[in-house]
Amino acid sequence: MRVIRKYANRRLYDTQQSRYVTLEDLRRLIIEEEPFRVEDAKSGEDLTRTILLSIIIEQEQADSEAEVFSNDLLAQLIRVYDMTSPLPLSRYLEQGTQLMLEQQKRLQSQWKQAMRNTPLEFMRELAEENMRFWQNTLNQPGQADESGNAEQHEGDASEANDANKDNKPSS
């Protein structure tokens, strides 16, 4: 697990990479699912939770359209803390969020699979499929139509094929 040390001057130091990092750097680690622990440089106290909350606050302030925590939701969370026997909200939120993320990944995977071909590739495949259909249809032995003229249609198709052969340029 990567250890990040927080110094009195509020700077964060990544001990694995031997460099100072920002909250944005830590946010990227979270997105990349890289585990880390933030600890106080002097006392060794675990500050990870506080830093994670700081990252959330920064996210909420940076993009008002992507706001996750409305004022009402924040007020409700504060009320949960004041309950005599608080709800197991943490576990519920963790499980619900994990389920939502898994569903999002599944949908993205299905979308990528559905869009695996470019529009041109799709059109090429469609054209090839249509060509096979028409070749199979034209090359089938004559089938009797309603008037029973199977031989007539077969002869017409054969004459059309011969005419096409004559019109083709020689290689």
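Start by selecting F122: this residue is partly exposed, at a relative accessible area of 49%. (Buried means under 20% relative accessible area, exposed over 50%, and partly exposed in between, with a 1.4 Å probe and protein chains only.) You'll find F122 in helix α5, residues 119-139. Helices here are DSSP runs of H or I with at least four residues, strands are E runs of at least two, and both are numbered from the N terminus.

Keep F122 on and add M123 and L126. Together they make a nonpolar surface patch with about 300 Å² of accessible area. Patch members need over 30% relative accessible area and no salt bridge; like charges are joined within 9 Å, and nonpolar side chains (Val, Leu, Ile, Met, Phe, Trp, Tyr) within 5 Å. The areas come from the Shrake-Rupley method with a 1.4 Å probe, and for residues only the protein chains shown count as cover.

A word on what you're looking at: this is a predicted model, where local features need pLDDT of at least 70 and side-chain atom pairs count only at pLDDT 80 or more, while totals for chains, interfaces and linings use all residues. Residues are numbered from 1 along each chain as its sequence is written, and side-chain values use heavy atoms, with hydrogens and water left out.

**Zoom out**

Show the whole chain as a cartoon and color by secondary structure. There are six helices and four strands, and from the N terminus they run β-β-β-α-β-α-α-α-α-α. Switch to a surface: the chain exposes about 14800 Å², with 52% of that supplied by carbon and sulfur atoms. Of the 171 residues, 11% are buried. Among contacts with a separation of 6 or more, 36% are between residues 24 or more positions apart; contact means heavy atoms within 4.5 Å.

**Two crossing helices**

Next, select α1 (residues 23-31) and α2 (residues 48-62). Their axes come within 10 Å and cross at roughly 100 degrees. That makes the two helices roughly perpendicular to each other. From α1, the contact uses L23, E24, L26, R27 and I30; from α2, it uses I51, L52, S54, I55, E58 and Q59. For the geometry, axes are lines fitted to C-alpha atoms, for helices over the stretch in contact, and angles run from 0 to 180 degrees between N-to-C directions. Angles under 35 degrees count as roughly parallel, over 145 as roughly antiparallel, 65 to 115 as roughly perpendicular, and the rest as oblique.

**Salt bridges**

Now show the charged side chains. The structure holds 10 salt bridges, each being a side-chain nitrogen of Lys or Arg within 4 Å of a carboxyl oxygen of Asp or Glu.

Pick D14 and R2, whose closest N and O atoms are 2.9 Å apart. D14 sits in strand β2 (residues 12-14) and R2 in strand β1 (residues 2-6), so this pair ties together parts 12 residues apart in sequence. Both D14 and R2 are buried.

Move along to R5 and E39, which meet in a salt bridge at 3.3 Å, N to O. This pair links distant parts of the chain, with R5 in strand β1 and E39 in strand β4 (residues 36-40), 34 residues apart. R5 is partly exposed, at 32% relative accessible area, whereas E39 is buried at 14%.

Go back to α1 for R28 and D25, a salt bridge with its closest N and O atoms 3.1 Å apart. Both residues lie in that helix, three residues apart, or about one turn. R28 is partly exposed, with 40% relative accessible area, while D25 counts as buried at 15%. Then add R19, E24 and R27 to the selection: salt bridges with shared partners join R19, E24, D25, R27 and R28 into one network.

**L29, from the inside**

Stay in α1 and select L29. At 8% relative accessibility, L29 counts as buried. Beyond its neighbours within four places in sequence, L29 is in contact with R2, E34 and F36. Draw a C-alpha to C-alpha distance from L29 to R2: you should get 9.9 Å, for residues 27 apart in sequence.

**Two loop stops**

Which phi values deserve a look here? Most residues other than glycine have a negative phi. R10, however, has a positive phi near 70 degrees. R10 is in the loop between β1 and β2 and counts as exposed, at 68% relative accessibility. Finish at S18, in the loop between β2 and β3 (19-21), where phi is also positive, near 50 degrees.
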